[in-house]
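Visitor: I should like to learn how to read a structural model, one feature at a time. Where should we begin?

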Amino acid sequence: MAPANNEEKSEASLIAIQVFVFLLVNFVLWGFAAGFYNGGSGVGSSRRARGNLIIFIVSSLSTLPEIGSVIPYIWNNHFWFVLVFFVVETLLVLFLIWMKKVDNDLKSGNPFRRR
C-alpha cells in the first residue's frame with residue numbers, strides 16, 4: 001500500500017504545481033491587461049523594484065471588478081495582446097501536458113527508453 005500512497009501524493013503534488021503555474025501565468029497576463037486598461041498609471045509612484053511589484057499586484061486586483069470593461073477595451077485597442085494571450089495559453093497547456101508525460105515516464109520504471 002505504501003507505493004500507491006506515494007503515487008497519490010506525487011499525483012496531488014503534480015496537480016498542485018500545474019494549478020499554481022496556471023494561476024500565476026493567468027494573473028500576470030491579467031496584470032498586463034489591467035495595466036493597459038489603466039493606461040499604465042498604477043496605484044502609486046515608487047521607483048523601487050519591490051514597490052513596482054506591489055503596485056502591479058494591487059493594480060491587478062483592484063481592476064478585477066472591472067473585468068467587463070477591460071476585456072472589450074483590450075479586444076478593441078490592443079488586439080495584439082489577445083493574440084499573445086492565446087499563444088501563451090497554448091504554450092502553457094502544451095507544457096502542462098509535457099509535464100504529465102514526463103511524470104508518467106518517470107513512474108514507468110524505465111524513463112530513458114526510446115519508443
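Guide: We shall proceed from the overall fold to the core, the aromatic rings, the charged pairs and the surface. Please keep in mind that this is a predicted model.

Visitor: How many helices and how many strands are there in the chain?

Guide: The chain contains four helices and zero strands. Read from the N terminus on, its elements follow the order α-α-α-α.

Visitor: Which share of the contacts joins residues that lie far apart in the sequence?

Guide: One takes the contacts with a separation of 6 or more, and 79% of these in the chain are between residues 24 or more positions apart.

Visitor: What fraction of the residues counts as buried?

Guide: A residue is called buried when its relative accessible area is under 20%. By that criterion, 20% of the 115 residues of the chain are buried. The chain as a whole exposes about 8,500 Å², and carbon and sulfur atoms supply 69% of this area.

Visitor: Which residues make up the largest nonpolar core?

Guide: A core of this kind is a set of buried nonpolar residues joined through their side-chain atoms. Here the largest one has eight residues: Leu29, Trp30, Ala33, Ala34, Val70, Ile74, Phe81 and Val82. Helix H1 (2–37), helix H3 (67–77) and H4 each contribute at least two residues to this core, and H1 gives the largest share, with four residues.

Visitor: Which residues does Val70 touch?

Guide: Leaving aside residues up to four places away in sequence, Val70 touches Trp30, Ala33, Tyr37 and Thr63. Of these partners, Trp30 and Ala33 belong to the largest nonpolar core, as does Val70 itself.

Visitor: How many aromatic pairs does the structure hold?

Guide: There are nine aromatic pairs in the structure. In one of them, Phe32 and Phe56 meet edge-to-face, with 5.9 Å centre to centre and 65° between the planes. Planes over 60 degrees apart count as edge-to-face, which means that an angle of this kind settles the class. The pair connects distant parts of the chain, as Phe32 lies in helix H1 and Phe56 in helix H2 (residues 49–63), 24 residues apart. Phe32 is partly exposed at 43% relative accessibility, and Phe56 is partly exposed at 24%. Ring pairs also join Phe27, Phe32 and Phe56 into a cluster.

Visitor: How many salt bridges does the structure hold?

Guide: The general idea is that side chains of opposite charge can pair when their charged atoms come close. This structure holds two salt bridges. In one, Lys101 pairs with Asp105, and the closest N and O atoms are 2.8 Å apart. In the other, Lys107 pairs with Asp103, with 3.2 Å between the closest N and O atoms.

Visitor: Where do these partners lie relative to one another in helix H4?

Guide: Lys101 and Asp105 are four residues apart in helix H4, so about one helical turn separates them. Lys107 and Asp103 are likewise four residues apart in helix H4, so they too are separated by about one helical turn.

Visitor: Are the residues of these bridges buried or partly exposed?

Guide: Lys101 is partly exposed at 45% relative accessibility, whereas Asp105 is buried at 14%. Lys107 is partly exposed at 35%, whereas Asp103 is buried at 12%.

Visitor: Which residues form a nonpolar patch on the surface?

Guide: Val87, Leu91, Val93, Leu94 and Ile97 form such a patch, and together they have about 470 Å² of accessible area. One of them, Leu94, lies in helix H4 (residues 79–107).

Definitions and conventions. Residues numbered from 1 in each chain as written. Predicted model: local features only at pLDDT ≥ 70, side-chain atom pairs only at ≥ 80, totals over all residues. Heavy atoms only, no water. Patch = residues over 30% accessible without salt bridge, like charges linked within 9 Å, V, L, I, M, F, W, Y side chains within 5 Å. Areas by Shrake-Rupley, 256 points an atom, 1.4 Å probe, with all protein chains shown as cover. Salt bridge = Lys/Arg side-chain N within 4 Å of Asp/Glu carboxyl O. Buried < 20%, exposed > 50% of the residue type's maximum accessible area, 1.4 Å probe, protein only. Contact = heavy atoms within 4.5 Å. Core = buried A, V, L, I, M, F, W, Y, C linked by side-chain atoms within 4.5 Å. Phe/Tyr/Trp six-rings, centres within 6.5 Å; stacked < 30°, edge-to-face > 60°.
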